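Here are some short exercises to work through with the model open beside you. Try each task before you read its solution.

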Amino acid sequence: MNDLQPLLNPRSIAILGASSDFTKVNGRTLKYLLEKGYAGKIFPVNPKYAAIGALKCYPDIAATPEPADLAIVALPARFVAGALRDLGLRGVKSAVVFSSGFAETGAAGRVLEDEVISAARAAGLRMCGPNCLGLINAFDQVMATFGQFADGATPAGPVGFVTQSGAFGTAIAALARRRGLGLGYFVNTGNEGDVNFVQVMRAVLEDRRIKVGAGYIEGLKDGPGLMELADHAMRLGKPLVLTKVGKTGAGARAAASHTGSLAGADHVFDGVIRGRGIMRARNEEHMLDMVEAFACCGLPAGNGLGIITQSGGAGVLMADRAEELGLKVPVLSASTQAALKQVIPGFGAAGNPVDVTGQFVAEPALLRDSVQIVLADPAVHVGIVWLQLMDAHVDTLIRIFRQIKAGVDKPFVVSWVAAPEGALLALREAGIAVLRGAEPAVDAAHALVRYAQSRREWQADQAGRAALMLP
């Protein structure tokens with residue numbers, strides 16, 4: 001068990017200044033905990049109330065019946081250090097500090113933040129924040145947040161998401177929810193007065209229910225820690241996809257003004273992650289494309305890409321992008337092409353890309369058989385299936401893709417352009433990655449190949465080290 005367990009999966013939560021007005025910050029936290037069904041103990045703390053709903057309310061933290069694992073703090077900045085000292089005296093193990101007005105505001109705020117950091121250390125508790133939206137552990141219905149993301153559904157899933165930005169992180173989380181990607185964890189680290197991005201991500205990845213980690217970084221304070229995180233993630237076999245901003249001088253200044261931290265030299269960040277299995281995303285959509293692929297797909301054994309499409313033009317575009325990224329688009333074997341020619345129309349193409357044409361609308365099995373034949377070719381390690389629209393054939397296509405997934409042992413992603421919303425959700429529920437366009441699909445396939453290669457290299461290195469230790 002890591003020392004962030006009381007923060008990420010508390011058995012009891014105290015809410016300082018808890019409010020019966022569920023539109024207020026500490027009212028919202030209480031509302032979410034009750035609505036989502038948090039099973040732990042809740043201790044509202046506010047001398048104004050004897051009770052809030054069915055919950056007894058305590059006049060101060062010292063009056064609570066037992067030390068809480070986690071305390072929620074949303075007080076004016078000047079009162080936070082004193083509150084943390086009181087939490088320490090009560091034996092509270094961790095705190096989420098929503099309060100802002102610290103280093104992100106300038107020199108005076110930095111003085112206050114230093115006092116808060118010292119108070120947390122003296123109290124012996126782990127602190128998330130200050131200046132953060134808090135966290136959600138959707139597996140255990142821990143809603144230690146006031147963010148509006150919790151107003152909607154928060155289904156648990158295999159993705160652990162850690163972000164240094166509250167608002168932008170919430171936007172990414174909302175996009176993930178729209179894709180049907182369940183976030184097992186959402187954690188906003190804010191100014192990182194105590195716990196930082198690296199520490200939280202490590203703890204999140206250690207949860208066996210998490211399959212892939214995703215992160216948004218503005219300022220990295222712990223380069224060696226990131227290297228250790230990358231090695232740990234590789235040992236766990238869990239891909240890590242990061243978006244880091246602050247590449248330019250203007251971006252670095254913006255990051256510093258937002259979180260009070262320095263963005264750091266971008267080339268140093270790239271040097272740390274290169275070869276360590278961390279995927280760097282250009283933006284939030286690219287991040288989620290890769291995360292979706294990792295959440296749904298196994299790892300390919302090589303870099304051969306098989307492309308199956310109903311459009312010759314889309315096939316050319318994807319082949320170009322694949323070769324730009326260093327993927328191979330191999331010519332299929334003679335036996336594979338012969339098998340395809342028994343299935344696809346004579347005016348299709350059986351090389352690679354494979355153009356099945358729109359004929360599969362009339363003959364749905366044509367698409368299923370073509371994909372299975374291509375993925376059976378020894379030179380193909382990962383596949384992309386491209387199609388568009390098909391509003392009138394959603395149920396048929398969902399059935400076909402489920403049959404394909406059940407009938408192949410190699411990973412594939414679907415690029416369904418202008419797909420009906422119901423089709424996207426149904427495929428994702430079936431564990432099939434479905435992306436919005438041709439290039440995103442190729443980029444996602446490339447991420448699978450890159451990570452698989454990094455993992456093979458890491459495993460070979462580990463085997464070599466073990467061999468050297470033999471007597």
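A salt bridge is counted when a side-chain nitrogen of Lys or Arg lies within 4 Å of a carboxyl oxygen of Asp or Glu. The model is predicted, so local features need pLDDT of at least 70 and side-chain atom pairs count only at pLDDT 80 or more, while totals for chains, interfaces and linings use all residues. Residues are numbered from 1 along each chain as its sequence is written, and side-chain values use heavy atoms, with hydrogens and water left out.

**Exercise 1. Salt bridges**

Task: find the N to O distance between arginine 85 and glutamate 115, and say where each residue lies.

Solution. Start with the distance: the two side chains form a salt bridge at 3.4 Å, N to O. Next, place the partners, using helices (H or I, at least four residues) and strands (E, at least two) that are DSSP runs numbered from the N terminus. Arginine 85 belongs to helix α3 (residues 77–90) and glutamate 115 to helix α4 (residues 107–123), so the pair ties together parts 30 residues apart in sequence. Finally, check accessibility, where buried means under 20% relative accessible area, exposed over 50% and partly exposed in between (1.4 Å probe, protein chains only). Arginine 85 is partly exposed at 42%, and glutamate 115 is partly exposed at 34%.

Task: now treat aspartate 151 and lysine 31 likewise; is lysine 31 buried or exposed?

Solution. The closest N and O atoms of this salt bridge are 3.7 Å apart. Aspartate 151 sits in the loop between β9 (142–145) and β10 (159–163), and lysine 31 sits in helix α2 (residues 25–36), 120 residues away. Lysine 31 is buried, with a relative accessible area of 18%, whereas aspartate 151 is partly exposed at 46%. To finish, the search of the whole structure gives 25 salt bridges.

**Exercise 2. Two packed helices**

Task: classify the packing of α7 and α16 from the angle between them.

Solution. Axes are lines fitted to C-alpha atoms, for helices over the stretch in contact, and angles run from 0 to 180 degrees between N-to-C directions. Helix α7 (residues 223–236) and helix α16 (residues 438–468) have axes 10 Å apart and an angle of about 90 degrees. Angles under 35 degrees count as roughly parallel, over 145 as roughly antiparallel, 65 to 115 as roughly perpendicular and the rest as oblique. The two helices are therefore roughly perpendicular. For the contact itself (heavy atoms within 4.5 Å), Ala233, Met234 and Arg235 of α7 meet Tyr451, Ser454, Arg455 and Trp458 of α16.

**Exercise 3. An enclosed strand**

Task: which strands pair with β15, and over how many bridges?

Solution. Two strands pair if DSSP finds at least two bridges between them. Strand β17 (residues 382–388) runs parallel to β15 and is joined to it by 5 bridges; here glycine 306 has glycine 383 as its bridge partner. Strand β16 (residues 354–355) also pairs in the parallel sense, over 2 bridges, with valine 354 as the partner of isoleucine 308.

Now look at burial. In β15 (residues 305–309), 5 of the 5 residues are buried, so the strand is largely enclosed by the rest of the structure. Leu305, Ile307 and Thr309 cover one side, and Gly306 and Ile308 the other.

**Exercise 4. An open sheet**

Task: which strands stand at the edges of the sheet β2-β1-β5-β6-β7?

Solution. The sheet has 5 strands with parallel pairing. Its edges are β2 (41–45) and β7 (126–128), each with a single partner strand, so one side of each lacks a neighbour in the sheet. The twist averages 20 degrees from one strand to the next.
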